[in-house]
Amino acid sequence: MEMNTLEAVSGIRIDGGRLWNSLMELARIGATDKGGVCRLALSDLDRQGRDLVCAWARELGCSVRVDAIGNIFMRRPGLDDALPAVMTGSHIDTQPTGGKFDGNYGVLAGLEVLRTLHQRGIATEAPLEVVVWTNEEGSRFVPVMMGSGVYAGAFTLEHALAARDRDGVSVDEALRTIGYAGPEPAAPRPAAAYFEAHIEQGPILEDRGITIGAVQGALGQRWYDITVTGQEAHAGPTPMELRRDALLVASKLVVEVNQIALEHAPHGRGTVGCIDSFPNSRNVIPGRVALTVDLRAADDATLDSMAAALARACDELAEPGRFQVERKEVVYFPPQPFEPRLVQAIRDGARTLGLDSLDVISGAGHDAVYMARVAPTAMIFVPCKDGISHNEIEDAQPEHLEAGCNVLLHAMLRCCGRIQLAEEGAQ
């Protein structure tokens, strides 16, 4: 049968109502009273969600394989099935107070692409795969982005399988209990491309009134544990000028972290997320304060500059004999640029649909960050209401989800080689 060009499928659209219904059906598994979802990784609810998604894939004639860390690969064969696959996916595990769309949208958008091609009788030269990654959230097991991390070689399978939850259950035990300890090696196969559709989890697209974010990469991260030590003393008898108030010094550092980020705009981020004051008593001057610092930037040069500024601030706040400021780096994620060719495919897909797109940077970690180490990768963002995620009130407009899925469809078609249409053609 004649092979057709991209122009012949430019009018193809996914079924937005079907995508929405799939999202709502999956959201019933682990639904919370406040309208969110609690479906922790490798729980029985996660098993139910996995079973449902796999059943939907098998209805389309897809093969389903599971690797040793529980990642699921749902494959639609290509006309030349030996070619590297064009992949898409995300995760379906959630935060304890998670929403309906974080991760879930990326998996079900990929499934909707396969459903649309199946319904239209459209064949692609390269095979297509939709992936469900294990334990992206890290709510139950650490490290986060576990399945994609093992797959990409960021850490070993043995390290991940040995991780335990608060009840002492290991990843290995949990995988076996839910029946998703797969026989396939947890190692990358050749891939032509990997796309991940996701709600933005931030406010930029909604604020700009733009539906599609073409994600150029993910911010690098440096995390620090900082301890400020002064001396606790009675709040009444100790004059202000003679105090060694560790919390006062720590508060100055909080302001410095904010200023460092502002001075490294537009993508600099600085956050003090945790503060632990000792002895935490109403009438005692704090003698020790532990705090966390999260620095993020789009490139290593900027991130290094921010880290140096933090070091200077800590040194300047320390006073021999009065205050110690100890700083320890505990996490480093390098900035991860995405494949420019795939980012352009997203822009082109949006243009085909008559949609504006905005180049953005992901401030959060995603499975795509690890996938970018082993395959050409890019992400598609769509707005979420008020930029809120990791919250039961997380919400997104059906038309935005539909638009992002249509962009995913056309971006994937741009990467899968020849396209063969059914006799009735693409209407």
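**Helix pairing and domain contact**

Helices α8 and α9 run roughly antiparallel to each other (angles over 145 degrees count as such). This is a predicted model, in which local features need pLDDT of at least 70 and side-chain atom pairs count only at pLDDT 80 or more, while totals for chains, interfaces and linings use all residues. Residues are numbered from 1 along each chain as its sequence is written, and side-chain values use heavy atoms, with hydrogens and water left out.

The axes of α8 (residues 246–262) and α9 (residues 300–317) cross at roughly 155 degrees and come within 10 Å. Axes here are lines fitted to C-alpha atoms over the stretch in contact, with angles from 0 to 180 degrees between N-to-C directions; helices are DSSP runs (H or I, at least four residues), numbered from the N terminus. On the α8 side, the contact (heavy atoms within 4.5 Å) is made by Val249, Lys252, Leu253, Glu256, Val257, Ile260 and Ala261. Met306, Ala309, Leu310, Ala313, Cys314 and Leu317 do the job from α9.

As for the domains, an automatic or database assignment splits the protein into domain 1 (5–218 + 335–420) and domain 2 (220–333). Their C-alpha centres sit 37 Å apart, and the contact takes seven residues from domain 1 and 10 residues from domain 2. Between them the two domains bury about 620 Å², with 61% of it on carbon and sulfur atoms; this is the accessible area (1.4 Å probe) lost on putting the two parts together, summed over both. Within domain 1, Pro335, Ile361 and Gly363 lose the most area to domain 2, together 68% of what that side buries.

Methods:
Helix = DSSP H or I, 4+ residues; strand = E, 2+ residues; numbered from the N terminus. Parallel < 35°, antiparallel > 145°, perpendicular 65-115°, else oblique.
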